[in-house]
Amino acid sequence: MNEELQKLFNNLIQIEHVSTTLYLAMSAYMGRQNLTGMAHWLRLQSEEERTHMLRLIDFVVDRDGTVQLSNLPAQPSNFGTPLETFQKVLAHEQFVTNSYRQAFNYVNQVDPQAAIIIQDFLREQIDEEAQAKTIIDRLKLAENNPSALLLLDQELGRRTATVTPPAAG
């Protein structure tokens with residue numbers, strides 16, 4: 001794996017690592033608000049991002065590259081209202097999508113085989129953003145109605161993990 005490609009993949013690994021801790025922090029925050037369904041949804045999202053990170057790590061290792069894990073920034077402990085929290089989720093997912101898009105544009109030119117894994121993540125980002133948008137739209141519909149908020153919280157609590165574990169490296 002050439003140095004530039006290795007640097008690019010390590011950047012994506014870092015993004016997924018930050019995503020994992022961000023969603024875990026959001027989960028803890030929602031749990032403190034007794035919005036256990038939202039906390040559950042965010043915890044599963046954190047686990048999904050961790051799985052993405054592990055897939056990228058395995059790819060780099062399998063290509064004889066060097067994985068460099070960097071320090072993680074501290075995450076906030078307050079994310080505002082549920083609507084504000086999920087707006088932050090959407091903004092983060094849009095950042096991730098843009099990062100993968102830029103990586104794909106470069107990698108597709110220099111290593112089409114490596115582009116395949118990035119394209120898989122780009123496909124998944126469509127669903128990631130759509131889920132966040134749907135939750136935001138439903139939170140807006142709920143406005144300040146506690147009953148509607150609790151119903152949405154219950155619904156989000158029914159989310160199940162659909163993550164495929166990474167292949168052993």
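Select arginine 63 to begin: in this predicted model, its relative accessibility of 24% places it in the partly exposed class. Arginine 63 sits in the loop between helix H2 (36–62) and helix H3 (82–110). Its side chain meets that of aspartate 111 in a salt bridge, with an N to O distance of 2.5 Å.

Add aspartate 111 to the selection. This residue lies in the loop between H3 and helix H4 (112–142), 48 residues from arginine 63, and the pair links distant parts of the chain. Is aspartate 111 buried or exposed? Because its relative accessible area is 11%, below the 20% limit, aspartate 111 counts as buried.

Next, move into helix H4 and select aspartate 120 together with arginine 123. A salt bridge joins the two residues, and their closest N and O atoms are 2.9 Å apart. Both belong to H4, where a spacing of 3 residues separates them by about one helical turn. Aspartate 120 is partly exposed at 31% relative accessibility, and arginine 123 is also partly exposed, at 48%. Now include Arg55 in the view: Arg55, Asp120 and Arg123 are linked in a network of salt bridges.

Continue to arginine 138 and glutamate 155. Which kind of interaction does glutamate 155 form with arginine 138? The two form a salt bridge, the closest N and O atoms lying 2.7 Å apart. Since glutamate 155 is in helix H5 and arginine 138 in helix H4, the bridge ties together parts that are 17 residues apart in sequence. Glutamate 155 has a relative accessibility of 32% and counts as partly exposed; arginine 138, at 35%, is likewise partly exposed. The count of salt bridges comes to 5, and those visited on this tour include the pairs of aspartate 111 with arginine 63 and glutamate 155 with arginine 138.

For the final stop, select arginine 159, in the segment after helix H5 (146–157). Its relative accessibility is 16%, so arginine 159 counts as buried. With which side chains does arginine 159 make polar contacts? One polar contact, of 2.9 Å, joins its side chain to that of glutamine 45. Another, of 3.1 Å, joins the side chain of arginine 159 to that of glutamate 48. To complete the view, display the residues in contact with arginine 159, leaving aside its neighbours within four places in sequence: His40, Trp41, Leu44, Gln45, Glu48 and Gln131.

Note on methods. Residues numbered from 1 in each chain as written. Predicted model: local features only at pLDDT ≥ 70, side-chain atom pairs only at ≥ 80, totals over all residues. Heavy atoms only, no water. Helix = DSSP H or I, 4+ residues; strand = E, 2+ residues; numbered from the N terminus. Buried < 20%, exposed > 50% of the residue type's maximum accessible area, 1.4 Å probe, protein only. Polar contact = N/O pair within 3.5 Å; in protein donor to acceptor, adjacent residues only side chain to side chain. Contact = heavy atoms within 4.5 Å. Salt bridge = Lys/Arg side-chain N within 4 Å of Asp/Glu carboxyl O.
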